[in-house]
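Thanks for coming. I will walk through one structure, starting with the metal sites and ending with the backbone.

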Amino acid sequence: MRDCILCGQIFSSRPSFSQIFLIKSRLELVCPSCWGQFERIGDPHCPTCYKKGEREVCRDCKIWQDKGQAVQHQSIFSYNPAMKDYFSRYKFQGDYLLRQVFAPIFKEGLRPFSDYQLVPIPLSQESWKVRGFNQVTAFLEAAQIDYHNLLGKKEGPAQSSKTREERLASQQNFFLLEKAPLSSKILLVDDIYTTGATLQGAKQLLYENGVKEIMTFSLAR
Ligand SMILES: [Zn+2]
Ligand SMILES: [Zn+2]
């Protein structure tokens, strides 16, 4: 018996037969009722950004395509109300322990990208000061996944405080921390994909610096 890290209810962590193949640490941390509120993105979804419910390339992805910046993104969970609550506690209230909830999901979701160099989306100095940790690298570290801090973030208002139009317009928010020859295949990793502006901005910078193949990944979409 243990307390659910999300709701505090005591639950049995002894797996039933059907749960045996599920991920161990989710069984240890989150009760079945809380876990059941997270929604994996199933079919149909946009083939290029994983937006749920779309059978063909979605409107957002078409806008990117028209700009010559095709989207190649994968995501695992829908950014539904349970996921919003989760991120408000993890990111905005800074509950660092909550990184453990999705660490195994990162391990599972990033497995197909073993030949890519993983590059996390960085925080601005301001967000770093407020939060004290980068929520993306915290997931990766908890999952014991190697990554490369290649990007820095310019100062400015946080994406979450901007309108949709402002986000789509502000592309160059990043700079390279090192000029060394970059890996030819890079997977950019973020927590949440909303309009795609953050990841697409970082991707452009890497393309401009000679990276040949870039895909993007987020826990939620
Ligand atoms: Zn719970
Ligand atoms: Zn799309």
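The zinc ion written as ligand 1 takes its protein donors from C4, C7, C31 and C34, each through its SG atom, at 2.3 Å. Keep in mind that this is a predicted model. The angles among the four donor atoms run from 106 to 115 degrees, and the site is tetrahedral. For reference, the ideal angle for four tetrahedral donors is 109.5 degrees.

How are the donor residues of this zinc ion (ligand 1) spaced in sequence? The pattern is C-x2-C-x23-C-x2-C. C7 sits in the loop between β1 (2-3) and β2 (10-11), and C31 in the loop between α1 (24-29) and α2 (32-35), so this pair ties together parts that are 24 residues apart in sequence. As for cover, C7 is partly exposed, with 39% relative accessibility, whereas C31 is buried at 6%.

Staying in this part of the chain, F11 belongs to strand β2. Is F11 buried or exposed? Its relative accessible area is 8%, so F11 counts as buried, the cut-off being 20%. Between F11 and S33 there are 9.7 Å in space, C-alpha to C-alpha, and the two are 22 residues apart in sequence.

Now the second metal. The zinc ion (ligand 2) has C46, C49, C58 and C61 as its protein donors, again SG atoms, at 2.2 to 2.3 Å. Here the four donor atoms subtend angles of 104 to 118 degrees, which makes the arrangement tetrahedral. The spacing of these donor residues is C-x2-C-x8-C-x2-C. Both C58 and C61 are buried.

Several residues around this stretch are worth a look. T48 is in the loop between α2 and α3 (59-66) and is buried, at 18% relative accessible area. Which residues does T48 contact, leaving aside neighbours within four places in sequence? They are V57, C61, V71, Q72 and H73. So T48 touches one of the donors of the zinc ion (ligand 2), namely C61, by the 4.5 Å contact cut-off.

V57 is found in the loop between α2 and α3 as well, but V57 is partly exposed, at 23%. Not counting residues up to four places away in sequence, V57 touches C46, P47, T48, K62 and Q65. From V57 to V71 the C-alpha distance is 9.6 Å, with their positions 14 residues apart in sequence.

H73 is another contact of T48. H73 lies in strand β3, residues 73-77, and at 1% relative accessibility it is buried. What does the side chain of H73 pair with in a polar contact? The partner is the side chain of S218, at 2.9 Å. Beyond four places in sequence, H73 also touches T48, C49 and Y50, and further along the chain Y193, L199, T216, F217 and S218.

Next, the backbone. The peptide bond from D43 to P44 is cis, and its omega is near -5 degrees. P44 is in the loop between α2 and α3. Y50 is in that loop too, and has a positive phi of about 75 degrees although it is not a glycine. Y50 is buried, at 18% relative accessibility. Q144 also has a positive phi, near 55 degrees, without being a glycine. Q144 lies in the loop between α7 and β5 (151-153). In contrast to Y50, which is buried, Q144 is exposed, at 70% relative accessibility.

Last, the protein as a whole. It has nine helices and eight strands. Of its 221 residues, 49% are buried. The accessible surface comes to about 11400 Å², and carbon and sulfur atoms hold 51% of it. Among contacts between residues at least 6 apart in sequence, 72% join residues at least 24 apart.

The largest nonpolar core contains 39 residues, and Y86, F102, F106 and L110 have the most contacts inside it. Which elements supply at least two residues each? They are α2, β3, α4 (81-92), α5 (99-110), α7 (135-142), β7 (185-192) and β8 (213-220). The largest share, six residues, is from α5.

That is all I have.

Definitions and conventions: Residues are numbered from 1 along each chain as its sequence is written. Chains are lettered from A and ligands numbered from 1 in the order in which they are written. This is a predicted model: local features need pLDDT of at least 70, side-chain atom pairs count only at pLDDT 80 or more; totals for chains, interfaces and linings use all residues. Side-chain values use heavy atoms; hydrogens and water are left out. Donors are N, O and S atoms within 2.8 Å of the metal (3.2 Å for Na, K and Ca); water is not among the atoms, so sites may look incomplete. Four donors count as tetrahedral if all angles lie between 85 and 135 degrees; four count as square planar and six as octahedral if opposite donors are over 155 degrees apart and all others between 65 and 115; anything else is irregular. Helices (H or I, at least four residues) and strands (E, at least two) are DSSP runs, numbered from the N terminus. Buried means under 20% relative accessible area, exposed over 50%, partly exposed in between (1.4 Å probe, protein chains only). A polar contact is a pair of N or O atoms within 3.5 Å; within protein, one must be able to donate a hydrogen and the other to accept it, and residues adjacent in sequence count only if both atoms are side-chain atoms. Accessible areas come from the Shrake-Rupley method with a 1.4 Å probe; for residues, only the protein chains shown count as cover. A nonpolar core is a set of buried Ala, Val, Leu, Ile, Met, Phe, Trp, Tyr and Cys residues joined through side-chain atoms within 4.5 Å.
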